[in-house]
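Trainee: I would like a close look at a single part of this model. Please take me through that part slowly and then place it in the rest of the chain.

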Amino acid sequence: MSVAVPLSQMDVDDESLPNSWSSNDREGMPSYSGQNTAHKKKYYPSTIKFFGVDLSPDNVAVAMVYFVQGVLALARLAVSFYLKDDLHLDPAETAVVSGFSAFPWLVKPLYGFISDSVPLFGYRRRSYLILSGLLGALSWALMATFVDSKYGAAFCILLGSLSVAFSDVVVDSMVVERARGESQSMSGSLQSLCWGSSAFGGIVSSYFSGSLVEAYGVRFVFGVTALLPLITSLVAVLVKEQPVRGLNRPSANYAFLRSSRKHVVELWGAVRQRNVFLPTLFIFLWQATPQSDSAMFFFTTNKLGFTPEFLGRVKFVTSIASLIGVGLYNGFLKKVPLRKIFLVTTIFGCALGMSQVLLVTGINREWGISDEWFAIGDSLVITVLGQASFMPVLVLAAKLCPEGMEATLFATLMSISNGGSLLGGLIGAGLTQMLGVTRDSFDNLSTLIILCNLSSLLPLPLLRLLPQESPDSSLLETTDVELKSN
């Protein structure tokens with residue numbers, strides 16, 4: 001079980017991009033990530049602060065978008081039970097179908113290009129947030145009504161993930177605009193606000209996810225979840241953005257194609273720089289280690305008899321653990337060198353992940369620890385460790401974004417990391433199939449767990465690819481720093 005946080009959402013970077021993007025280099029380029037009149041407007045601080053961040057209407061909208069991303073976990077448990085019990089899939093098939101949710105996160109730079117260059121109904125941010133919310137509502141509505149095959153489920157999972165990924169890119173660019181030129185501590189505060197909002201949404205949803213599945217069934221949960229993305233559409237009205245007027249559509253399309261080609265070239269020039277490429281390569285490999293999560297879900301439900309309500313309580317605990325991880329980083333780890341964070345958390349994560357072997361073999365019961373309490377404690381500690389190790393990845397990735405294409409470059413880095421996570425899931429599915437772990441056979445599950453955990457140590461010899469100094473040191477020496485949140 002890898003310490004890496006899935007998904008959701010991941011990427012890396014390291015030292016700030018050298019200030020090689022002169023004004024002449026950007027001449028003729030379109031306004032990216034709010035480099036228009038919307039970006040130049042002044043944001044007046046509010047009197048209320050949270051995590052050290054002013055709760056202006058724009059920041060409230062950002063926090064709410066992340067809250068929605070967290071609260072959408074309401075359907076995660078329902079999807080797992082739907083694939084297992086209603087569609088009767090095996091662990092390897094479940095891992096592959098669930099992996100479809102990662103594909104929209106692999107092309108996040110495309111969303112950055114679209115949002116930055118193609119105003120929809122005159123807006124570059126607000127309109128796309130509204131559209132993303134409607135798309136997410138449609139995907140879960142289909143799951144609640146018409147879907148009855150693994151192909152339909154994979155399509156809806158893909159559609160729902162697309163809505164979250166697009167809104168994530170849009171809100172990322174908004175955060176960049178508000179965080180430009182701030183200190184590392186402020187960057188950490190912004191990261192903490194975003195992740196804290198997401199974790200709070202996860203707490204709210206996880207508390208009810210299992211009990212709702214057990215009481216009303218998966219279709220009901222899908223129906224309730226269909227209402228949640230609409231929150232993103234509603235809070236979009238809080239975004240203060242000047243409309244883009246008077247665009248000539250043919251000339252705008254030509255300008256978009258021309259500028260897109262130009263920015264692809266410039267994007268590649270930025271990514272291939274040594275201080276960007278090497279840390280990104282490490283994070284890709286760090287995320288690409290195999291996972292045994294699907295196999296463990298089948299074991300805990302089919303073999304140990306864990307109910308949906310209990311698994312919901314486990315998710316509730318892990319959501320709280322995510323907040324603890326955010327607080328741990330925000331309070332103690334902001335200035336710790338990245339190499340040290342990765343080294344310590346990976347080794348401890350590998351050791352703690354091995355504890356699942358005790359659950360599979362039943363040794364915990366011989367020690368007088370019930371399966372339920374052992375599962376809760378194991379999940380809590382691993383989640384705290386994983387969240388604390390992932391926070392600096394986001395902060396460092398934000399530092400690489402040059403002015404003019406914040407959403408695009410950051411999304412590229414995140415896509416690379418997400419690609420590693422997807423690869424790790426597919427490798428885990430292949431190992432599950434190869435070892436013969438099915439919905440009813442768990443003889444080789446211990447071997448699968450050991451292999452997955454040991455593989456998390458493989459990237460450690462490549463730690464030298466990361467910057468040696470603490471995150472703050474290079475940041476303080478850089479004048480053009482771009483900070484943003486995942």
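Is Leu-227 buried or exposed, and what is its relative accessible area?

Mentor: Leu-227 is exposed, with a relative accessible area of 56%. Keep in mind throughout that this is a predicted model. The residue sits in the loop between helix 9 and helix 10, the latter covering residues 230-235. Leu-227 also belongs to a nonpolar patch on the surface, together with Ile-130, Leu-134 and Leu-230. The four residues of this patch have about 330 Å² of accessible area together.

Now step back along the chain to helix 9, which covers residues 218-225. Its buried residues are Val-218, Val-221, Phe-222 and Thr-225. Seen down the axis of helix 9, these buried residues fall within an arc of 100°, so they line one face of the helix. Among the elements of the protein chain, helix 9 has the highest mean pLDDT, at 94. At the other end of that ranking is helix 1, residues 37-40, with the lowest mean pLDDT, 39.

That contrast leads to the question of where the model can be read closely. The protein chain averages a pLDDT of 75, and 72% of the residues score at least 70. Over residues 1-46 the pLDDT is below 50, although this stretch has 168 contacts in the model beyond near neighbours in sequence. Residues 470-486 also have a pLDDT below 50, and there the model has 74 contacts beyond near neighbours in sequence. Where pLDDT is low, the predicted coordinates should not be read in detail.

Next, the chain as a whole. Its secondary structure comes to 21 helices and two strands. Of the 486 residues in the protein chain, 59% are buried. The accessible surface of the chain is about 19,700 Å², and 65% of it belongs to carbon and sulfur atoms. Among the contacts with a separation of 6 or more, 90% are between residues 24 or more positions apart.

One residue to look at in this setting is Ile-114, which lies in helix 5, residues 108-117. Ile-114 counts as partly exposed, because its relative accessibility is 24%. Leaving aside neighbours within four places in sequence, Ile-114 is in contact with Tyr-128 and Phe-166. The C-alpha atoms of Ile-114 and Val-170 are separated by 9.9 Å, while the two residues are 56 residues apart along the chain.

The charged side chains come next. A search of the whole structure finds four salt bridges, and three of them can be described in turn. Lys-84 forms one of these with Asp-85, the closest N and O atoms being 2.7 Å apart. Lys-84 is buried, at a relative accessible area of 4%, whereas Asp-85 is partly exposed, at 33%.

Another salt bridge joins Glu-309 to Arg-313, with the closest N and O atoms 3.7 Å apart. Both residues are in helix 14, which covers residues 308-333, and they are separated by about one helical turn because they are four residues apart there. Glu-309 is partly exposed at 34% relative accessibility, and Arg-313 is partly exposed as well, with a relative accessible area of 25%.

Arg-365 and Asp-371 also meet through their side chains in a salt bridge, at 2.8 Å from N to O. Here Arg-365 counts as partly exposed at 45% relative accessibility, and Asp-371 counts as buried at 9%.

Asp-371 turns up again among the contacts of Asn-364. Asn-364 lies in helix 17, residues 363-366, and is buried, with a relative accessible area of 0%. Leaving aside neighbours within four places in sequence, its contacts are Leu-358, Leu-359, Ile-369, Ser-370, Asp-371 and Phe-374.

Last, consider a residue with a backbone angle worth a note. His-88 lies in the loop between helix 3 (76-86) and helix 4 (91-99). Its phi is near 55°, a positive value in a residue other than glycine. Most residues other than glycine have a negative phi. As for its surroundings, His-88 counts as exposed, at 55% relative accessibility.

To return to your starting point, Leu-227 is an exposed residue in the loop between helix 9 and helix 10, and it is part of the nonpolar surface patch with Ile-130, Leu-134 and Leu-230.

How values were computed: Residues numbered from 1 in each chain as written. Predicted model: local features only at pLDDT ≥ 70, side-chain atom pairs only at ≥ 80, totals over all residues. Heavy atoms only, no water. Buried < 20%, exposed > 50% of the residue type's maximum accessible area, 1.4 Å probe, protein only. Arc of directions from axis to C-beta. Patch = residues over 30% accessible without salt bridge, like charges linked within 9 Å, V, L, I, M, F, W, Y side chains within 5 Å. Areas by Shrake-Rupley, 256 points an atom, 1.4 Å probe, with all protein chains shown as cover. Contact = heavy atoms within 4.5 Å. pLDDT = per-residue confidence, 0-100.
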